[in-house]
Amino acid sequence: MKRTAFLLAAILCFGLLAAALAAPEAQVPPWQDLKASGKKNWIGDAVYFIYTPNEKPKMGTIILKVRVFTKSGEKDKSFIVKGQFGMPSMAGAHDSGLQTFALNKAGNYLLPVNIVMPGEWELRLTFIKAGKTVFRGRTKFNV
Ligand SMILES: [Cu+2]
């Protein structure tokens, strides 16, 4: 009988642990369709970001710039911005993996994007604030 009680307690503990581990995952925001480059993408109602490539996407390396602004128009450098790009039709053949944008002195987040093949590409952006993922957006573009 004692043994059964112990087993039940152990199962309960594992259950609680699993629930605790699963909880942060459930809080990750769903993927949203990004607005076009140059347009405002709001993160909640206090902050927005604008992404712009340094040139029209073409074969080779382009630099993707992301700027985050507070509602009052000041640059917000408190985020970690991550990007991932690849060709959805090619099952990760050119998948970049999750890359972290570099923050420069001007407060711009920059990431080189390598386009190695013409066709349809997808860009995914993740915004992290104080260790928490607060926004995830994606968009497709043709080269
Ligand atoms: Cu390809």
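Q: What lies between strand 7 and strand 8 in their hairpin, and which residue in the turn has a positive phi?
A: Five residues sit between the two strands, and Gly107 in that turn has a positive phi of about 85 degrees. Keep in mind that this is a predicted model.

Q: What makes strand 7 and strand 8 count as paired?
A: Pairing takes at least two bridges. Strand 7 (residues 102-103) and strand 8 have two bridges, running antiparallel, so the pair meets the cut-off. One contact to look at is Ala102, whose bridge partner in strand 8 is Leu110.

Q: How do you know that strand 4 pairs with strand 8, and in which sense?
A: Seven bridges link strand 4 (residues 60-70) to strand 8 (residues 109-115). Set that against the cut-off of at least two, and they therefore count as a pair. The sense is antiparallel. For a spot to check by eye, try Ile63, which has Pro112 as its bridge partner in strand 8.

Q: Why is the pairing in the five-stranded open sheet called mixed?
A: The sheet runs in the order 1-10-9-5-6, and two of its pairs show the mix. Strand 1 and strand 10 run parallel, joined by three bridges. Strand 9 (residues 120-129) and strand 10 (residues 132-142) run antiparallel, with ten bridges between them.

Q: Which strands are called edge strands, and why?
A: Strand 1 (31-33) and strand 6 (99-100) are the edges: each pairs on one side only. For strand 1, Gln32 has Gly137 of strand 10 as its bridge partner.

Q: What makes strand 9 and strand 10 a hairpin, and how many residues lie between them?
A: The two strands are joined with two residues between them, and they run antiparallel. Along the pair, Glu122 is bridged to Lys140 of strand 10, while Thr126 stands opposite Arg136.

Q: What makes the phi of Ala130 worth a second look?
A: Most residues other than glycine have a negative phi. Ala130 is not a glycine, yet its phi is positive, about 50 degrees. You'll find Ala130 in the loop between strand 9 and strand 10.

Q: Is Ala130 buried or exposed, and how do you know?
A: Count its neighbours: 8 C-beta atoms fall inside 10 Å of Ala130. A residue is exposed at 12 or fewer, so with 8 Ala130 goes down as exposed.

Note on methods
Residues numbered from 1 in each chain as written. Predicted model: local features only at pLDDT ≥ 70, side-chain atom pairs only at ≥ 80, totals over all residues. Helix = DSSP H or I, 4+ residues; strand = E, 2+ residues; numbered from the N terminus. Buried ≥ 20, exposed ≤ 12 C-beta atoms within 10 Å, placed from the backbone.
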